[in-house]
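Biologist: I would like a close look at a single part of this structure, a helix together with its surroundings. Please take me through it step by step, and then set it in the wider picture.

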Amino acid sequence: MQYRLGLDLGSTTAKAVVLGPDNRIVASVVRESGYDLKTAAEYLWQEAARLAGVNGDLPCVATGYGRALASMAKRTATEITCHARGICFLHPDAAAIVDMGGQDAKVIRLGAAGRVEEFAMNDRCAAGAGVFLDLVARRFQRSLAELSHLPQVEKAPEISSTCAVFAETEIVGLLASGQPAEAVLVGTHRALARRVAALCRQIRLASPLYFSGGVALNETMRRELSAVLGMPVLRAEHAQLTAAIGAALLAGET
Amino acid sequence: MNTPQAAVGDYQSLPVDAVGITTTVPVEVIFAAGRYPVDLNNLFISAPDPAALTAEGEASGFPQNCCAWVKGIYAARALYGISEVVGVTEGDCSDTGALLDVWRSEGVKVHEFGFPRSREPEELRQRLRRLAGEFGVDLSAAEEMKQRLDEIRALAQQADMLMAGGAEISSQELFAALMWCTDFLAAPERCRRKLSALLADIKRRPPAAPRLRLACAGVPPVFSDLWETVEALGGRIVLHEIPRQFALVDGIGQNLVSAYLGYAYPYTWEARLSNLLAAAQARQVAGIIHYAQTFCYRHIHDRLLRARAGVPVLTLEADLPVKVDARTRTRLEAFLEQWHDRRQS
């Protein structure tokens with residue numbers, strides 16, 4: 001088995017992972033996708049190879065929204081297939097995945113050997129995705145890292161809107177009515193968790209359930225999701241890289 | 001007229017005495033009266049710029065969160081100058097009821113037709129009589145027309161059966177063949193010729209190469225290129241649930257009441273589901289794409305379909321008549337990758 005490269009050209013961040021002959025991660029790169037995903041792909045390809053200390057053409061599979069723009073990839077695969085492969089490689093006991101990325105959320109029920117049995121994706125609305133948390137963080141003048149460890153709040157205010165834009169208006173209204181910022185922030189995470197939980201109910205969710213994607217780095221979100229679903233939600237190892245890892249695994253198979 | 005959606009509305013020219021229909025209605029009555037039904041949905045989606053028609057519907061006052069088909073057929077009627085319509089008020093969505101109110105207010109002559117939820121033969125017969133009365137014809141004339149139109153429906157049925165049996169016919173070709181039978185292109189003889197030519201062509205083709213056999217449940221998708229996208233990914237829609245219902249292929253040879261009672265679309269979900277599952281099983285489909293129009297109440301049925309489908313279900317929705325977007329494409333690709341993975345493992 002040789003070195004292989006997985007590229008995940010996501011809507012917000014682009015990721016690359018190089019797996020070594022023993023399936024160990026020998027290099028990984030994360031950068032903002034920007035508007036030019038083709039350039040992002042070129043950069044990741046070269047930088048990942050440099051960090052891994054390998055020369056020549058690495059067998060590569062690309063995934064993510066920009067997958068078709070990765071000319072160095074010998075094939076493409078969807079994020080759904082790649083997340084499934086990646087998570088099963090990292091956590092062989094996984095039965096289901098919740099992935100929350102920049103623009104969308106996905107839930108996947110897994111079969112044997114990382115096979116996708118069933119999946120669902122949120123629809124065209126940012127209120128189920130990481131970009132919404134970006135918006136919220138900016139509104140509260142906090143970093144995403146600061147949102148990650150919000151205190152437990154039993155009675156957080158309700159954010160009822162299903163639209164990110166209207167939800168922001170609701171947040172402004174709540175703050176104007178004197179609600180504490182921490183409580184509004186927890187309420188926002190809870191509302192997001194409810195939307196993703198509704199998505200989870202579209203498939204036959206199974207346990208253990210692993211949480212991946214950039215939003216999985218947010219501990220508040222993991223906690224709220226677990227509370228809404230009434231089941232443990234486990235943060236995946238290398239949560240932001242699981243699709244790129246899955247793509248690298250596929251590059252070794254084809 | 002070379003885009004895929006254009007094929008469904010391949011009208012040579014619209015007759016001056018055309019009668020618009022908002023969905024499938026007993027068109028036999030309209031033909032028997034010497035008039036020509038035109039499916040406004042086909043007219044809308046095959047227009048040179050259907051998105052402009054939905055925008056026009058919105059600009060005229062239809063809410064943004066209202067079905068694009070309703071907005072589109074509203075504007076299509078005006079664009080093509082159709083002054084009389086038959087609208088379905090029972091067995092279709094309540095948006096259509098409001099659309100008919102708007103048309104009446106604009107001076108359009110509106111006939112209402114409802115498929116009785118009770119599915120009682122006598123009730124349906126009464127409603128057919130009332131519609132026939134409004135068009136000044138006797139039901140017996142409509143029954144005769146049914147026999148003539150059934151000969152054309154039988155051609156669409158042949159195409160459907162050929163697809164079921166593995167003939168080389170594309171998802172789009174079968175879709176168009178079935179959709180032509182909603183109004184027979186307002187020119188039954190031309191419709192017959194087109195179907196006959198398609199069948200002759202299919203029979204000359206070698207058998208289809210293996211593809212993933214899928215069903216598409218739900219109303220006709222508003223996407224302009226869904227069928228080609230599915231085919232490009234290695235799939236084939238071998239069962240178009242609602243278009244097959246629209247074409248009334250299961251009611252060939254039956255009288256009007258029996259045929260329109262067997263037409264599952266306007267009645268209960270259970271009626272639709274049992275018809276869909278039987279047809280899907282007969283065609284040995286590997287999965288079902290469930291399409292529901294954005295803002296449509298039929299989304300609620302999704303859970304009921306998933307509970308009983310017995311095969312994987314992919315739910316898709318779209319709002320406006322545009323090409324398949326990146327997110328929908330990802331869903332389709334992932335859906336098809338599931339089988340690719342299974343074959344490899």
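What follows is a request about one helix and a connected reply.

Biologist: Is helix H8 of chain B enclosed or exposed, which residues of H8(B) are buried, and what do those buried residues pack against?

Modeller: Please bear in mind from the start that this is a predicted model. Helix H8 of chain B covers residues 171–180, and nine of its ten residues are buried, so the helix is largely enclosed by the rest of the structure. The buried residues are B:Ser171, B:Gln172, B:Leu174, B:Phe175, B:Ala176, B:Ala177, B:Leu178, B:Met179 and B:Trp180. Around them, chain B supplies helix H2 (40–45), H7, H9, helix H10 (226–232), strand S6 (235–240) and helix H11 (241–246), and the buried residues of H8(B) pack against each of these elements.

Of these partners, H9 can be described in some detail. The axes of H8(B) and of helix H9 of chain B, residues 188–204, come within 11 Å and cross at roughly 155°. Because the crossing angle is over 145°, H8(B) counts as roughly antiparallel to H9(B). The crossing of H8(B) and H9(B) is left-handed. On the H8(B) side the meeting residues are B:Glu173, B:Ala177 and B:Trp180, and on the H9(B) side they are B:Cys191, B:Lys194, B:Leu195 and B:Leu198.

The loop between H8 and H9 of chain B holds B:Leu185, a residue that has a positive phi of about 55° although it is not a glycine. With 26 other C-beta atoms within 10 Å, B:Leu185 is buried, because 20 or more are enough for that description. B:Trp180 ties this loop to the helices: leaving aside neighbours within four places in sequence, B:Trp180 is in contact with B:Leu185 in addition to B:Ala156, B:Cys191, B:Lys194 and B:Leu195.

B:Trp180 also leads to the wider interior. The largest nonpolar core has 163 residues, and B:Trp180 is one of those with the most contacts inside it, alongside A:Ile97, A:Val98, B:Ala156, B:Ala159 and B:Ala215. Helix H7 of chain B, residues 139–164, provides the largest share of this core, with ten residues. Chain A takes part as well, since the core draws at least three residues from each of domain 1 (1–91 + 238–254) and domain 2 (93–236) of that chain. Apart from this core lies another, of 36 residues, among them A:Leu9, A:Val17, A:Trp45 and A:Ala77.

Another of the elements packed against H8(B), helix H11 of chain B, contains B:Gln245. With 22 C-beta neighbours inside 10 Å, B:Gln245 counts as buried. Not counting residues up to four places away in sequence, B:Gln245 touches B:Tyr263, B:Ala264 and B:Tyr265. The C-alpha atoms of B:Gln245 and B:Leu305 are separated by 17 Å, with these positions 60 residues apart along the chain.

Elsewhere in chain B there is a helix pair with another geometry. The axes of helix H3 (residues 50–59) and helix H4 (residues 68–79) of chain B come within 7 Å and cross at roughly 95°, which makes H3(B) roughly perpendicular to H4(B). Their contact includes B:Leu53 and B:Gly57 of H3(B), and B:Gly72 and B:Ala75 of H4(B).

For the wider setting, the contact between the chains takes 15 residues from chain A and 13 residues from chain B. Helix H2 (79–90) and strand S8 (116–121) of chain A each supply at least two residues of the side that touches chain B, and S8(A) gives the most to that side, with four residues. Within chain A, the C-alpha centres of domain 1 and domain 2 lie 25 Å apart. The contact between these domains takes 18 residues from domain 1 and 26 residues from domain 2. H2(A) gives the largest share of the domain 1 side, nine residues.

Chain A also offers a counterpart to B:Leu185. A:Gln141 has a positive phi of about 50° although it is not a glycine, and its place is in the loop between helix H3 (130–139) and helix H4 (144–147) of chain A. With 8 C-beta neighbours inside 10 Å, A:Gln141 counts as exposed, whereas B:Leu185 is buried.

Notes: Residues are numbered from 1 along each chain as its sequence is written. Chains are lettered from A and ligands numbered from 1 in the order in which they are written. This is a predicted model: local features need pLDDT of at least 70, side-chain atom pairs count only at pLDDT 80 or more; totals for chains, interfaces and linings use all residues. A nonpolar core is a set of buried Ala, Val, Leu, Ile, Met, Phe, Trp, Tyr and Cys residues joined through C-beta atoms within 7 Å. A residue is buried if 20 or more other C-beta atoms lie within 10 Å of its own, exposed if 12 or fewer, and partly exposed in between; C-beta atoms are placed from the backbone. Domain bounds come from an automatic or database domain assignment. Two residues are in contact if their C-beta atoms, placed from the backbone, lie within 7 Å. Axes are lines fitted to C-alpha atoms, for helices over the stretch in contact, and angles run from 0 to 180 degrees between N-to-C directions. Angles under 35 degrees count as roughly parallel, over 145 as roughly antiparallel, 65 to 115 as roughly perpendicular and the rest as oblique. A crossing is left-handed if the near helix is turned anticlockwise from the far one by less than a right angle, and right-handed if clockwise.
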